[in-house]
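Got your viewer open? Load the model and follow along, one selection at a time.

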Amino acid sequence: MFPSCKLFGLCPDWSTCRVFHCPFSHQPQPSTSSAPLPTSSTAAAPPTSALPQKRPAAPRSVNAAPPKRLEQARLARVQEPAQAASPALNANTAAAASQGTPKSAPPTAVANSGPPRLVPPRSLSHTPAVTRQKMINALYAQFLEIYTPGVLPSSLRQTLASDHALRQEEYLFSRSTKATYRNAIISALARLKKRPPARSADEAGTLEDEAERTAALAERERGRLTRKRVEAFVHPVDVLAQFDYVVSVPEGPGGDHVSEEGNTRKCERCLREFVVTSELSQDDREACHYHFGRMVTEKAAGVRQRVYSCCPSIGATPCQVGPHVFKDEKPSVLHSRVAFVPTSSLRRGLPSSASATPATAVDIVALDCELVYTTAGMSLARVTVLSGSGSVLLDEHVRPPTGVAVVDLNTRFSGVQEGDLDKAVLDVGGVQRALAQFVDAETIFVGHGLENDLKALRLVHTRVIDTAILFPHPNGGTWRHSLRNLTKDVLRKFIQEGDPTIGHSAKDDADAALELVRWKVKQHAAGKG
């Protein structure tokens, strides 16, 4: 458009005009009279007949600056009514200009003051910004109804509604066309109206957030462990006996030979004979030199060979030095240290009020025990019990029996640190009484290599799901996968990756066994075995 001042020429009332956007040029024209131009605001306007009929042949440039005095007078007349009408607006405008903030930049959202504002896209889109803003307003109003004031604080309610309205509209806009955009918004509004009020911020969110929560809840429900779902995976008694489980209480009184101190035994690590004692020798020649790793089969230069996992080379020098230790395997010997107890008799010692409510026993528990070397062989040092949902039911350090001394804490594998057993208040009998509060003969025990845990607890229990048996080794027989490798291969998770001087977590091991059984239950429900 061309400037209007070039079309109309001089304003008839150029000296007293107070119009902000006057279409006339307000430029003084050369006059045939020698009388000076009036400067007072009260001077009368010249008669219309005295005005020139057309623009002079050589008028002043429109962009040329007027005389300084006339320019100041014009600015004073223009600014005076504007400042009187809106002083606050002028102050805000001046502050924005001083900070260098562009006045035309729209905000993304107005917190706690109504619907959020849409930032107009820089490129063309299939729907105008005005239409999108109307849809955002409708979504915002609907989210406000879901987030009721009586449940969520007012400020949080408006903030959540603003954020979720923007996210919901952006999601629908990016997945629709000009023809489908409006219907997508209408459908979303109809679905939002059917949603119940949010009782917490965790229940808030867009329709997509709600769908993700629903899917996660359905997945958890599909993998929820109940006695009915896992009953098919309980191992028969003959299978447990094959994998060295104690399926009946050994003969004998039990607990009649607690310690081996003073007797000669063969060291489990270096296979040398030694005299069991609680006094550790300072002579390095009498100490045990050993490898902490297991014997594994490695292939080098096309030849398969047996080496230690900690030192994978033939004839490697032992990498560890420590005390001689031993381990008992026979159930009768273990029974002579601390007597075995069947889980069917655990609850008999409870008070009558508790025994009258057997339903308090849980259906499924995950179990993991940590052992240390003592003068009685390997003794229980820590027990961790989880419920079927993964919550901790029991997690305690266990002190050795009276008259038994600790020889080696076996921290690399047990995780037991110096001083942990000094604070322990329970012994094996105390742990059995604690288990009786929520375990009975029908409870299903879950774990990996549970025969060792049950031996450490001196429990006879045959309702067992052992992941080492549940996932058979390809070599067959009693070969077993390690829990670490099994979790990595099946669940794509990594456990026992921490500092070896601290040891792995008993809770992590028990939880990994639960996850493996949960995976098996899902596969079985899907008809995959």
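Start by selecting strand 8 and strand 12, which pair in the parallel sense over three bridges. A pair here needs at least two DSSP bridges between the strands, while helices (H or I, at least four residues) and strands (E, at least two) are DSSP runs numbered from the N terminus. Before going further, note that this is a predicted model, where local features need pLDDT of at least 70, side-chain atom pairs count only at pLDDT 80 or more, and totals for chains, interfaces and linings use all residues. Residues are numbered from 1 along each chain as its sequence is written, and side-chain values use heavy atoms, with hydrogens and water left out.

**Stop 1: strand 12 and its neighbours**

Zoom in on Ala366 and you'll find its bridge partner in strand 12, Val446. Now look to strand 14 (residues 464–466): it runs parallel to strand 12, and three bridges join the two. Phe445 is the residue to click here, standing opposite Val464 of strand 14.

Which residues of strand 12 (residues 444–447) are buried on each side? Ile444 and Val446 are buried on one side, Phe445 and Gly447 on the other, so both faces are covered. Buried means under 20% relative accessible area, exposed means over 50%, and partly exposed is in between (1.4 Å probe, protein chains only).

**Stop 2: Ala361**

Next, select Ala361, in the loop between helix 11 (352–355) and strand 8 (364–374). Buried or exposed? Ala361 is buried, at 11% relative accessible area. Show what surrounds it: leaving aside neighbours within four places in sequence, Ala361 is in contact (heavy atoms within 4.5 Å) with Arg347, Phe438, Val439, Asp440 and Thr443. Then draw a distance from Ala361 to Ala436: they are 75 residues apart along the chain, and their C-alpha atoms are separated by 8.2 Å.

**Stop 3: helix 13**

Move to helix 13 (residues 428–435), where six of the eight residues are buried, so the helix is largely enclosed by the rest of the structure. To see them, pick Val428, Gly430, Val431, Gln432, Ala434 and Leu435. What do these buried residues pack against? Turn on strand 7 (341–342), strand 9, strand 10, helix 14 and strand 13.

**Stop 4: a hairpin**

Two of those elements deserve their own view. Strand 9 (residues 377–387) and strand 10 (residues 392–397) pair in the antiparallel sense over five bridges. Click Arg382 and look across to His397 in strand 10, which stands opposite. The hairpin has four residues between the strands, and Gly390 takes a positive phi near 100° there.

**Stop 5: two positive phi values outside glycine**

Most residues other than glycine have a negative phi. Arg458 is not a glycine, yet has a positive phi of about 55°. You'll find Arg458 in the loop between helix 14 (450–457) and strand 13 (459–460), and it is buried, with a relative accessible area of 7%.

Then jump to Leu271, whose phi is also positive, near 65°. Leu271 is in the loop between strand 1 (264–266) and strand 2 (273–275). At 58% relative accessibility, this leucine counts as exposed.

**Stop 6: Ser281**

Follow the chain to Ser281, in the loop between strand 2 and strand 3 (288–290). Ser281 counts as partly exposed, at 42% relative accessibility. Add His324 to the selection: the two C-alpha atoms are separated by 10.0 Å, with these positions 43 residues apart along the chain numbering.

**Stop 7: a helix pair**

Select helix 4 (residues 129–146) and helix 6 (residues 181–193), whose axes come within 10 Å and cross at roughly 5°. Axes are lines fitted to C-alpha atoms, for helices over the stretch in contact, with angles from 0 to 180 degrees between N-to-C directions. The two helices are therefore roughly parallel to each other, a label for angles under 35 degrees. On helix 4, the contact residues include Met135, Leu139 and Phe143, and on helix 6 they include Ile185, Leu189 and Leu192.

**Last stop: zoom out**

Finally, show the whole protein chain, with its 17 helices and 14 strands. Buried residues make up 36% of the 529 residues. Among contacts between residues at least 6 apart in sequence, 63% join residues at least 24 apart.

Definitions and conventions:
Parallel < 35°, antiparallel > 145°, perpendicular 65-115°, else oblique.
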